[in-house]
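Student: Can you walk me through this one? I'd like to start with how the chain is split up.
Tutor: Sure, here it is.
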Amino acid sequence: MSHGTGAAALHEEIRAEVKKLCARFPGEYWRKADRSRAYPSEFVRALTEAGYLAALIPEEYGGAGLPLSAAAAILETIHAEGCNGAACHAQMYIMGTILRHGSEKQKRTYLPKIAAGELRLQAFGVTEPGSGSDTTSLRTFARREGDQYVVNGQKVWTSRAEHSDLMLLLARTMPKDETRGRTEGLSTFIVDMRAARTAGLTIRPIRTMMNHNSCEIFFDNVRVPAANLVGEEGKGFRYILDGMNAERLLIASESIGDAKWFIAKAVAYGKERIVFGRPIGQNQGVQFPIARAHAEMRAAELMLREGCARFETGKACGEEANTAKLLAADAAWAAAEACVQTHGGYGFAEEYDVERKYREARLYRVAPISTNLILSYIAEHVLGLPRSY
Ligand SMILES: Cc1cc2nc3c(=O)[nH]c(=O)nc-3n(C[C@H](O)[C@H](O)[C@H](O)COP(=O)(O)OP(=O)(O)OC[C@H]3O[C@@H](n4cnc5c(N)ncnc54)[C@H](O)[C@@H]3O)c2cc1C
């Protein structure tokens, strides 16, 4: 089946290498981890050792210095091969905040170690129980005390917190009612969670419908050196926003990979399963949902490419990144539905991997940003309609 790829710019060599790596982690590996909600450490180690998680770290800091489209190709392939990049995808893009806004000292301290796999920067502490979509309502507070900040508050849905050494934390450094604008008074910190876990930081895993290693985190007078503030105090929200286009494009690439996996799986089963004396895939009622999901996936793929091309040439890409994320998450979900339906009862059997991928693919219509919030972005920022919230 053609996926419409072909040019060198689409990183065919990287895709082929990632595919080989993924072959070492077949369905059985993921099923086993899923059953016990175990972290896929071996898979993450293999990706780290092969340098894929350091794809976006510049060569001068020990990374591969690859463009965003290469990182997208890596994550898409992981998902198209039935694996799950959610175990480590954030390591690829959270470091962008340090790279763009951190001091030279912070970059030299952290980036080479992250690139070498000695330090894991997997945790991104933004969401709180009272602020998901409405990020700027967050309440976790970092109070300056001499050469330290004292952090109190709570985060939720901090993925991979138990498997990360560092966390990029967004916290309030000025009470909301004292700020001049909604987006002010928030700051970004690098938190060393290894040290903090014995000094006021509590991590509690949340059991979810898929194996995602997400946690709630409590800060009880956690002390963070002022040297770990990224950029200027009070401008943290802007720094986080800056990285969101890259995040959205990379998550879109994972959903495109998911869609490709579901479509390939549905097509194979549609050809092989004989009912009423003929392959079920000969029936248009079975073909059409798969064909429609394919068309939707291709549209998302083209938007992703445009978004990456604009990002890589320094052009504004908010419209493309948001649209790609929306279309890709929807295409993956349409493909997941078609795949389950094509498999009939077997779509529910663990050993086919369809039900596991179905559970995993659903997330991206909600996180890291929900479909409604993307539609609001398009309505307001692309179409010029009045802000709705
Ligand atoms: C498995 C998982 C992993 C995650 N990992 C991380 C992580 O690592 N770090 C992190 O910081 N966060 C993480 N998140 C959090 C995620 O980003 C939020 O769940 C997401 O932003 C939505 O926020 P919420 O859950 O509070 O939903 P809410 O903001 O409460 O929204 C609930 C629903 O209402 C809709 N809604 C809200 N306001 C409007 C409006 N004005 N107009 C129309 N519809 C609206 C939303 O679209 C959504 O469907 C994760 C979440 C999950 C489930």
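Tutor: Domain bounds here come from an automatic or database domain assignment. This is a predicted model: local features need pLDDT of at least 70, side-chain atom pairs count only at pLDDT 80 or more, and totals for chains, interfaces and linings use all residues. Residues are numbered from 1 along each chain as its sequence is written.
Student: OK, which domains is the protein divided into?
Tutor: There is domain 1 (8-116), domain 2 (121-234) and domain 3 (238-382).
Student: How far apart are the C-alpha centres of domain 1 and domain 3?
Tutor: They lie 20 Å apart. The contact takes 25 residues from domain 1 and 24 residues from domain 3. Two residues are in contact if their C-beta atoms, placed from the backbone, lie within 7 Å.
Student: Which element gives the largest share on the domain 1 side?
Tutor: That is α4, with ten residues. α4 spans 68-80. Helices (H or I, at least four residues) and strands (E, at least two) are DSSP runs, numbered from the N terminus.
Student: New topic. Where does the ligand lie?
Tutor: Domain 2 and domain 3 both give residues to the shell around the ligand, so it lies between them.
Student: Which residues come nearest?
Tutor: Val126, Gly132, Ser133, Trp157 and Ser370, out of 23 around the ligand. A residue counts as near if its C-beta atom, placed from the backbone, lies within 6 Å.
Student: And which elements each supply at least two residues of that shell?
Tutor: β1 (121-125), β3 (148-159) and α13 (371-382).
Student: Last one: what does Leu249 touch?
Tutor: Among others, Leu68, Ala72 and Phe311, not counting residues up to four places away in sequence.
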